[in-house]
Amino acid sequence: MKPVIIPLFDNIKLASTIAALCNYDLGSVLLRNFPDEESYLRVDTEVKNRQIIFIASLNKPNNKILALLFAVETARDMGATSIGLIAPYLAYMRQDKRFHPGEALSSNYFLKLLSQYFDWMITVDPHLHRHHDLNKIFIKPNIILHADEDIAAWIKQNVNKPLIIGPDEESKQWVSNVAKLVEAPFVILTKIRKGDREVDISVPGIKQYKEHTPILLDDIISTATTMLKAVQCLQKENFAAPICIGIHAIFAGNAYQDLLASGADKIISCNTIEHLSNKIDISGLVAQKLKNFQLT
Ligand code: R5P
């Protein structure tokens, strides 16, 4: 029997495209809340003796984790042979250090929990900063995919004379790759984070790139404070309005509207999290890997 892909939460579009590209079946789960906000979950697909792949983007993770684990338990009870997770966005990865005494090392605990439930995992550009190796915290087979080629393809098709700009040191890994693929120059700004919504950004000498189209590229846009500050810095340098590209479009609260109002030319994201800024499709990237992955 073919493996079956089951979307959870808001990943139906992505799951059906990936299922079609892999020629796998598409299953479904019914999920709703009882009036007291406990979760009701029903797996509506035959899973006995089948390889199951859940697709769940894990933004807003606290609202999702219990239902995700219930789905896995139910599928195992019903006789699934293996259960994998495609998490296009993997949450909690930024709390990868005890910055102050007593803080939870959330990235480690979250991935430890997931590895207790799933047989394998595929994810896209997880925020690996201080953790260099996902295998140390997710102790099951896993694959990390990178959206750099899809991002580069979008830039090549849509932007004339790009300058790729990373807002902080962490962004250098994906900014330098994308710049190489589009054969464009790149610069990295310096960021000091002072709080959830407070960052200082400084810009190195970039005057020689005045004729370029600035593209700010980051992995996660959450409060958009980082992007917003970077847009303001470019305004001070009299640059053209930048295109802001985020791999994972979290956009907490009014972040999207605030960033648009700040003077960004366009806001573009990959569809790892469903959002109206999605313009870069990563379903081919995931499907290609999944087809060649030895499902346990
Ligand atoms: C930082 O470590 C990340 O790469 C992003 O720069 C950060 O998560 C963006 O967050 P915000 O949009 O809240 O500034």
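Me: How many aromatic pairs does the structure hold?

Reply: The structure holds 4 aromatic pairs. Rings of Phe, Tyr and Trp (its six-membered ring) pair if their centres lie within 6.5 Å. This is a predicted model, where local features need pLDDT of at least 70, side-chain atom pairs count only at pLDDT 80 or more, and totals for chains, interfaces and linings use all residues. Residues are numbered from 1 along each chain as its sequence is written, and side-chain values use heavy atoms, with hydrogens and water left out.

Me: Why is the pair of Tyr-92 and Phe-110 called tilted?

Reply: Planes under 30 degrees apart count as stacked, over 60 as edge-to-face and the rest as tilted. The planes of Tyr-92 and Phe-110 stand at 55°, with the ring centres 5.1 Å apart, so the pair is tilted. The pair links distant parts of the chain, 18 residues apart. Tyr-92 is in the loop between strand S6 (82-87) and helix H3 (106-117), and Phe-110 is in helix H3. Helices (H or I, at least four residues) and strands (E, at least two) are DSSP runs, numbered from the N terminus.

Me: What makes Phe-110 buried or exposed?

Reply: Buried means under 20% relative accessible area, exposed over 50%, and partly exposed in between (1.4 Å probe, protein chains only). Phe-110 has 7%, so Phe-110 is buried. Tyr-92 has 33%, so Tyr-92 is partly exposed.

Me: Why is the pair of Trp-120 and Phe-293 called edge-to-face?

Reply: The planes of Trp-120 and Phe-293 stand at 65°, so the pair is edge-to-face. The ring centres are 4.9 Å apart. Trp-120 sits in strand S7 (residues 120-124) and Phe-293 in the segment after helix H8 (283-292), 173 residues apart. Trp-120 is buried at 0% relative accessibility. Phe-293 is buried at 17%.

Me: How do you know that Arg-32 lies over the face of Tyr-40?

Reply: A charge sits over a ring if NZ of Lys or CZ of Arg is within 6 Å of the ring centre and within 35 degrees of the ring normal. Arg-32 lies over the face of Tyr-40, at 5.1 Å from the ring centre.

Me: What makes the protein as compact as a globular protein of that length?

Reply: The globule rule is 2.2 Å times the number of residues to the power 0.38, and the radius of gyration is taken over C-alpha atoms. For 296 residues the rule gives 19 Å; the protein has 20 Å, close to that value, so it is as compact as a globular protein of that length. Buried residues make up 52% of the 296 residues. The protein has 8 helices and 16 strands.

Me: What is notable about phi of Asn-23?

Reply: Most residues other than glycine have a negative phi. Phi of Asn-23 is near 60°, a positive value in a residue other than glycine. Asn-23 is in the loop between helix H1 (12-22) and strand S2 (25-26).

Me: Why is Asn-23 called buried or exposed?

Reply: Asn-23 has 51% relative accessibility, so Asn-23 counts as exposed.

Me: What about Asp-125: which sign does phi take, and is the residue buried or exposed?

Reply: Phi of Asp-125 is near 35°, a positive value in a residue other than glycine. Asp-125 is in the loop between S7 and strand S8 (142-145). At 8% relative accessibility, Asp-125 counts as buried.
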